[in-house]
Amino acid sequence: MEIVLITGMSGSGKSVALRALEDAGFYCVDNLPPELLIPFVELEHDQKEERVAIAIDVRSATSLPQMPGNLQVLRNMGMLVTSIYLDATSETLLRRYSETRRRHPLSGRQASAGDQALTESIEFEREILSQLREQAHVIDTSLLRAAQLQSYVKALVSAPSSKLSLVFESFAFKRGIPMDADYVFDVRMLPNPHYESDLRALTGRDAPVQKYLGQFDEVALMQSQIENFLNQWLGAMERDHRSYITVAIGCTGGQHRSVYLVEQLSQLFSANWLTLKRHRELDTQPHAN
């Protein structure tokens with residue numbers, strides 16, 4: 001039986017993720033109390049359900065400490081468990097709450113008395129959920145459209161849970177470092193195709209840009225050093241029972257250099273690891289190799 005647990009910050013997109021899983025054929029349940037998790041899974045197992053997705057959030061704050069133990073019990077029962085944590089910057093969450101005029105679940109029965117009280121609720125929520133975050137694959141939804149998030153979630157659950165998956169993500173420093181990154185590499189010092197008029201409108205996935213960047217020794221050196229670092233430590237991380245590693249590569253605009261290196265590295269590592277690639281600024285869909 002395959003179980004996907006969706007957790008994360010209120011306003012980070014859990015409902016969107018759950019809809020994506022429902023579209024993918026999962027039986028979905030929202031806001032299940034943690035103390036009912038194991039009985040619910042046992043019931044669905046008896047009903048011959050094969051794929052179940054469950055959203056649990058801070059509304060169950062008092063029983064959240066049970067979750068790590070419950071997940072281990074499910075794994076000991078032979079269940080394939082994938083835990084996904086959705087996150088976003090506090091500024092993004094404040095804006096979303098302002099736009100929707102929703103009440104934060106930790107703000108009490110009355111609407112939050114201004115941004116300061118809402119910010120305090122958000123930071124308190126981060127503290128409550130911190131242990132779940134540490135044990136899950138994190139997706140930063142701050143700059144994602146709903147369609148992107150749905151694709152990311154579907155790509156994650158399609159990956160075999162029995163081995164480590166390597167996620168390469170390109171991004172623009174001018175729009176912030178992804179919160180879901182385990183490792184961040186800055187490639188802004190490399191030659192920039194943006195200053196070549198015939199390459200400016202293209203991306204690192206286009207052959208002319210790849211040919212241009214491929215001629216520079218420093219680009220090859222950067223790629224080799226990232227490759228060597230990952231080859232050195234991926235085995236150890238897999239033995240440490242890590243399920244996903246996100247390697248974020250950033251340049252100024254997230255269009256040329258970072259995209260090129262994500263494309264090159266994902267191709268290299270796909271021979272031995274399950275790899276996913278994302279291009280945050282290009283608004284593309286993730287692909288599994």
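What radius of gyration does the protein have, and what value would a compact globule with 289 residues have? The protein has 20 Å, which agrees with the value near 19 Å for such a globule, where the radius is taken over C-alpha atoms and the globule rule is 2.2 Å times the number of residues to the power 0.38.

This is a predicted model, in which local features need pLDDT of at least 70 and side-chain atom pairs count only at pLDDT 80 or more, while totals for chains, interfaces and linings use all residues. Residues are numbered from 1 along each chain as its sequence is written, and side-chain values use heavy atoms, with hydrogens and water left out.

Along its principal axes the C-alpha trace spans about 60 × 45 × 30 Å. Of the 289 residues, 50% are buried, meaning under 20% relative accessible area with a 1.4 Å probe and protein chains only. Contacts (heavy atoms within 4.5 Å) between residues at least 6 apart in sequence join residues at least 24 apart in 78% of cases.

The accessible surface, from the Shrake-Rupley method with a 1.4 Å probe, is given below.

| Property of the protein | Value |
|---|---|
| Accessible surface | about 13900 Å² |
| Share of carbon and sulfur atoms in the accessible surface | 47% |

The lining of the largest cavity includes D140, S142, Y152, E169 and R280; a cavity is a set of points on a 1 Å grid over the protein atoms alone where a 1.4 Å probe fits but cannot get out, and lining residues have an atom within 4 Å of a point.

Notes
1 Å grid on protein atoms, 1.4 Å probe; cavity = no way out; pocket = protein on both sides within 12 Å on 5 of 7 lines; lining within 4 Å.
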